[in-house]
Amino acid sequence: MDNDINNKIQNFLQYVFEMVEDMERLSQRDGGVLACPKCATTYAGFKKSGKMGCARCYDAFRPHLSRALVNIHGSEVHRGKIPRGMGGRHQELVIRRELAENRLMLKKALESEQYEEAARLRDIIHNLEQGGGENEVV
């Protein structure tokens, strides 16, 4: 039975490695040009047309898209708008969004061992939870 399990594991790993190799081969078309492994849309083609070929293009071009979004919008995350005509709820929603964003950045800072940044974010979060604004942290 152990031999059967070992064979299944070996076959599975071989399948995974072959799939990774196929993905790498398909994602590099036309002499190293970045392309989607599913629809073969190239990054240059996307830049020219402004249209993705399929949903997998977002994963294939993610590193390039992140930089482009930061350059265009100042952030990788779409924040959307919060309508002002919500009375007192507008400020509450703004603070809740800032809390969520800062908690996510805190988690990333801790994962990458950027402890000074994590401490700064912790202070911002604490201040927001106490009802202050993000800019009030010293």
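## A first look at this predicted model

Among contacts in the protein between residues at least 6 apart in sequence, 18% join residues at least 24 apart. Keep in mind as you explore that this is a predicted model. The protein has 138 residues, and buried ones make up 24% of them. Welcome to the tour, which goes from the overall layout to the cores, a helix pair and two loop residues.

**Overall layout**

- Six helices and two strands make up the secondary structure of the protein.
- Following the sequence from start to end, you meet these elements in the pattern α-β-β-α-α-α-α-α.
- About 10,700 Å² of the protein is exposed, and 53% of that area comes from carbon and sulfur atoms.

**Two nonpolar cores**

- In soluble globular proteins, nonpolar side chains tend to be buried together.
- Here, the largest nonpolar core has ten residues: Leu 34, Cys 36, Tyr 43, Phe 46, Met 52, Cys 54, Cys 57, Ala 60, Phe 61 and Leu 65.
- Helix H2 (43-49) and helix H3 (56-60) are the elements that each give two or more residues to this core.
- A second core, separate from that one, has nine residues, including Ile 95, Leu 99, Ala 118 and Ile 125.
- Leaving aside residues up to four places away in sequence, Cys 57 touches Cys 36, Cys 39, Thr 41 and Met 52.

**The H5 and H6 pair**

- Two packed helices are described by the angle between their axes and the distance between the axes.
- For H5 and H6, the packing angle is about 160° and the axes lie 9 Å apart.
- Angles over 145 degrees count as roughly antiparallel, so H5 and H6 are roughly antiparallel to each other.
- Their crossing, that of H5 and H6, is left-handed.
- On the H5 side, the residues that meet H6 include Ile 95, Leu 99, Leu 106 and Leu 110.
- On the H6 side, the partners include Tyr 115, Ala 118, Ile 125 and Leu 128.

**Two loop residues with positive phi**

- Most residues other than glycine have a negative phi.
- Ala 40 is not a glycine, yet its phi is positive, at about 70°.
- You will find Ala 40 in the loop between strand S2 (33-34) and H2, where it is partly exposed with a relative accessible area of 30%.
- Glu 113, also a residue other than glycine, has a positive phi near 60°.
- Look for Glu 113 in the loop between helix H5 (89-111) and helix H6 (115-129).
- Is Glu 113 buried or exposed? With 56% relative accessibility, Glu 113 counts as exposed.

Key:
Residues are numbered from 1 along each chain as its sequence is written. This is a predicted model: local features need pLDDT of at least 70, side-chain atom pairs count only at pLDDT 80 or more; totals for chains, interfaces and linings use all residues. Side-chain values use heavy atoms; hydrogens and water are left out. A nonpolar core is a set of buried Ala, Val, Leu, Ile, Met, Phe, Trp, Tyr and Cys residues joined through side-chain atoms within 4.5 Å. Buried means under 20% relative accessible area, exposed over 50%, partly exposed in between (1.4 Å probe, protein chains only). Helices (H or I, at least four residues) and strands (E, at least two) are DSSP runs, numbered from the N terminus. Contact means heavy atoms within 4.5 Å. Accessible areas come from the Shrake-Rupley method with a 1.4 Å probe; for residues, only the protein chains shown count as cover. Axes are lines fitted to C-alpha atoms, for helices over the stretch in contact, and angles run from 0 to 180 degrees between N-to-C directions. Angles under 35 degrees count as roughly parallel, over 145 as roughly antiparallel, 65 to 115 as roughly perpendicular and the rest as oblique. A crossing is left-handed if the near helix is turned anticlockwise from the far one by less than a right angle, and right-handed if clockwise.
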